[in-house]
Amino acid sequence: MAFTTMVGARIRRREDPRLITGRATYVDDVKQVGTVYAAFVRSPYGHAKIRAIDLAPALAHPDVLAAYTGEDLHHAHGLKSSLPVAHKMADLKTPPHYILAVDEVRMVGEAVAVVVANTAYAARDAAELVAVDYDELPAVVDPLKALEGAPYVHESLGTNVAFRMPFSAGDPDKAFAEADQIVKQRIVNQRVAPVPIEPRSMVANWDEGRQQLTLHSSTQIPHLLRTQLSVVLGISENHVRTIAPDVGGGFGAKLNVYAEEAVVSWVAMQLERPVKYVETRSESFQAMIHGRDQVDDLEIACTKDGTITGLRLRIVGNLGAYHQLLTPVVPTLTLLMAPGCYRIENISAEVIGVFTNTMSTDAYRGAGRPEATFFIERAVDLVAQRLGLDPAEVRRKNFIANTAFPHTTSTGLTYDSGDYETTMDKALAIVDYAGLRAQQAELRKQGRLMGIGLSTYVEVCGMGPSAAMPAAGWDSATIRVEPTGSITVLTGVSPHGQGQETTFAQIVADELGVPIDTINVIHGDTDKVQYGVGTFGSRGTAVGGAALKLAIETIQAKAVKIAAHQWEANPDDVEYRDGKIQVKGDPSKSMSTAEAGFLAFMGDKLPPGLEPGLDATRRFEPPNFVFPFGTHVCVVEVDAKSGEVKVVKYLAVDDCGRLLNPMIVEGQVHGGIAQGLSQALFEEVIYDEGGQLLTGTLMDYAIPHAEQVPHYDLDHTVTGTTVNPLGIKGVGEAGTIGSTPAVVNAVIDALAPYGVVHIDMPLRPEKIWTAIHAAKTNGAANGAANGAAR
């Protein structure tokens with residue numbers, strides 16, 4: 001029978017039937033005898049002193065078992081009540097981040113007390129009975145105002161600046177002095193909320209007899225969570241088990257250690273009862289990390305032919321009130337990716353991280369790279385508009401040549417491989433770019449506003465190596481050939497929608513020649529799976545899959561020795577070929593992996609010195625990041641009377657290296673585009689000046705309905721990488737990173753007849769309408785609603 005390869009095939013995701021038919025196990029599905037429920041008392045103020053907390057009314061509720069304040073936990077024996085932050089920044093200011101507020105609250109939604117009751121409803125009712133006496137303090141939510149000085153989020157610091165990171169490369173002063181044109185623009189990348197379908201959920205149980213804490217959590221990082229929980233709770237790590245069952249979306253927001261996870265675990269230890277907490281959607285908006293929120297001031301130096309010669313940049317990142325796990329790291333990633341896919345050798349920059357009275361920002365899908373791609377792709381369009389050049393040609397003129405890889409950028413990253421021009425040319429050919437421009441000219445004669453937006457992105461992902469990470473960057477895999485020949489894979493990554501139960505099974509099926517249905521992929525349970533770092537930054541397959549590849553190689557090497565011993569052959573004359581073990585050049589003599597596994601299990605027919613069993617655990621430490629890239633093209637039509645935007649065409653040509661399962665890659669791109677498009681047109685977290693969250697429900701925070709997401713045309717190019725043995729680059733964030741500037745560039749292009757050069761996101765109809773009418777009224781070259789190019 002001919003050997004059929006699985007890798008590269010469009011195989012349906014094996015996990016989907018359970019995930020979409022109610023057969024999955026999410027945290028709230030975990031039922032344990034004697035479970036009680038936690039509810040949190042949260043601050044209604046953006047900034048306030050806590051004068052007193054009276055738990056007595058809540059404790060009088062007949063269903064309440066216990067209630068605790070921050071002071072209770074702060075003085076609890078063995079409990080370290082401040083949350084961790086991972087970073088490698090020497091001068092970072094790191095104020096305490098208590099798991100329940102002590103003395104002062106610094107944002108709406110900060111938890112000040114927890115109530116535990118027999119039912120979830122009773123816990124919430126009782127939490128509302130807790131009386132908290134606050135003394136409201138001045139708040140600051142605008143990072144630029146926070147930069148100016150008081151009021152301070154953390155008075156003891158005497159500043160709202162958590163860090164400053166200056167950077168310079170090349171000779172930016174010379175580049176600007178010699179420039180034909182200098183384009184300046186402030187670009188605001190607004191704050192957004194992740195909004196996973198499953199909110200944060202957790203169930204903690206303490207086994208007093210075994211001194212064992214088990215926490216089910218909707219986390220992306222079960223092992224890292226276990227490590228940090230053990231530190232916070234003051235118990236041995238091997239007495240903590242964390243389980244991430246099926247997780248209903250993470251988007252980076254669940255790449256974290258949250259206060260509620262520590263509190264619920266501690267309460268379970270006190271009560272010796274399982275304690276469950278599932279946040280409400282309103283709590284999710286208040287107390288789950290937010291993304292983006294940067295103010296980026298750009299100056300671009302260029303020659304009259306469109307060559308970009310220099311970039312000056314100030315990135316002000318709104319960190320929120322506290323550091324979560326990766327909060328300060330995110331804006332530094334924006335600096336690293338500032339040149340995008342262009343040769344920009346002269347850069348002067350400063351990254352400033354600022355505390356405000358808002359929820360922390362952290363690693364939301366893309367984490368710093370969407371912000372960089374957005375401003376550099378807007379910058380290219382601004383240059384093209386200023387010089388009267390085609391945006392595609394300005395990109396072509398500034399691309400890093402495909403012969404220049406590996407390429408070290410001015411910000412210090414080494415891009416592994418790339419061919420940006422070929423990918424853009426393919427995209428332009430598919431959409432008939434010249435035809436679209438002709439159509440646009442014709443429609444403009446009719447008074448219709450058609451816009452064509454390009455985005456040519458490169459992103460950093462496959463997060464590792466460890467030396468470049470705030471925590472470990474490697475990952476792990478175990479393969480176990482069972483006595484009956486079925487295969488068990490234990491992966492250190494913890495997928496939550498990325499499809500690795502399928503893609504990992506595809507890899508193993510091909511390499512070991514076993515039926516894919518006999519492979520079981522296990523993840524997310526620290527008592528079952530060897531230590532792994534987790535799934536984020538498009539690293540699950542690029543790093544965890546690479547570890548799997550190494551484990552396969554170890555299995556194959558041992559199976560070859562077993563087979564060679566049976567055949568009295570030299571192992572060097574035996575190989576894996578077409579999914580079976582065979583003598584080189586003699587396919588008639590072969591053995592399956594299952595047969596080798598059975599012999600390994602029986603143990604009595606093994607070569608001398610070879611251990612019984614056929615299993616392997618390997619870890620992969622990547623030597624570098626990987627750098628996927630692509631071109632997105634968005635075509636819109638804008639209604640000048642209403643400001644409404646209609647996306648009439650969307651094409652993405654992505655290059656994520658080798659495609660293991662094109663269907664899964666397309667699914668990742670689909671979801672990513674939806675999130676990026678949504679940021680461009682709809683989403684924005686808004687606080688008022690006092691720190692009140694004005695977009696705290698899905699009635700106030702706009703995310704698109706299905707009919708508001710357009711049809712996508714997708715294609716790809718394939719440029720390999722040698723960074724990992726699979727030749728893959730990751731695609732989880734590509735759609736988000738590429739789509740936002742493509743959509744905004746399209747809208748601004750549509751408004752070009754009015755002289756509009758920039759509007760800050762989200763591009764709601766009223767903003768567009770205002771920009772159009774400002775241009776009409778003033779006759780000005782710039783009808784921008786926010787910021788102005790000069």
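# Exercises on a predicted model

The count comes to 0 disulfides. The structure is a predicted model.

**Exercise 1. Explain why Cys-461 and Cys-634 form no disulfide.**

Step 1. Set the cut-off: a disulfide needs two cysteine sulfur atoms within 2.5 Å.

Step 2. Take Cys-461. Its closest cysteine sulfur belongs to Cys-656, 8.8 Å away, so the gap is too far for a bond.

Step 3. Take Cys-634. The closest cysteine sulfur sits in Cys-341, at 18 Å, and is therefore also too far for a bond.

Step 4. Check the setting. Buried means under 20% relative accessible area. Cys-461 has 0% relative accessibility and counts as buried. Cys-634 is buried too, with a relative accessible area of 0%.

**Exercise 2. Trace the chain from strand β10 to strand β11, and give the handedness of the crossover.**

Step 1. Locate the strands. β10 covers residues 212–217 and β11 covers residues 240–243.

Step 2. Find their pairing. They run parallel and are joined by 4 bridges. Within this pairing, Leu-215 of β10 stands opposite Thr-242 in β11.

Step 3. Follow the connection. From β10 the chain passes through helix α7 (residues 222–233) to reach β11. This β-α-β crossover is right-handed.

**Exercise 3. Describe the second largest pocket: its volume, its lining and the elements that supply the lining.**

Step 1. State the volume. The pocket holds about 550 Å³ of space.

Step 2. Count the lining. There are 24 residues, and Val-141, Asp-142, Pro-143, Asp-293 and Tyr-687 lie nearest the centre.

Step 3. Assign elements. At least two lining residues come from each of α5 (143–148), β8 (181–192) and β13 (291–302).

Step 4. Sort by class. The lining has 12 nonpolar, 4 polar and 8 charged residues.

**Exercise 4. Characterise the largest cavity.**

Step 1. Start with the number of cavities. The structure holds 6 of 30 Å³ or more.

Step 2. Give the volume. The largest cavity has about 160 Å³.

Step 3. Name the lining. It comprises 17 residues, with His-97, Met-107, Ala-111, Ala-259 and Glu-260 closest to the centre.

Step 4. Sort by class. The lining of this cavity divides into 10 nonpolar, 4 polar and 3 charged residues.

**Exercise 5. Place Val-493: in which loop does it lie, and is it buried or exposed?**

Step 1. Find the loop. Val-493 lies between β20 (487–491) and α15 (500–512).

Step 2. Apply the cut-off. Val-493 has a relative accessible area of 0%, so it is buried.

Step 3. Add a distance. Met-469 is 24 residues from Val-493 along the chain, and their C-alpha atoms are separated by 16 Å.

Terms used: Residues are numbered from 1 along each chain as its sequence is written. This is a predicted model: local features need pLDDT of at least 70, side-chain atom pairs count only at pLDDT 80 or more; totals for chains, interfaces and linings use all residues. Side-chain values use heavy atoms; hydrogens and water are left out. Buried means under 20% relative accessible area, exposed over 50%, partly exposed in between (1.4 Å probe, protein chains only). Two strands pair if DSSP finds at least two bridges between them. A crossover is right-handed if, with the strands pointing away from the viewer, the path from the first strand over the helix to the second runs clockwise. On a 1 Å grid over the protein atoms alone, a cavity is a set of points where a 1.4 Å probe fits but cannot get out, and a pocket is an open set with protein on both sides within 12 Å along at least five of seven lines; lining residues have an atom within 4 Å of a point. Grid points are joined across faces, edges and corners, and a volume is the space filled by probe spheres set on the points. Ala, Val, Leu, Ile, Met, Phe, Trp, Tyr, Cys and Pro count as nonpolar, Asp, Glu, Lys and Arg as charged, and the others, Gly among them, as polar.
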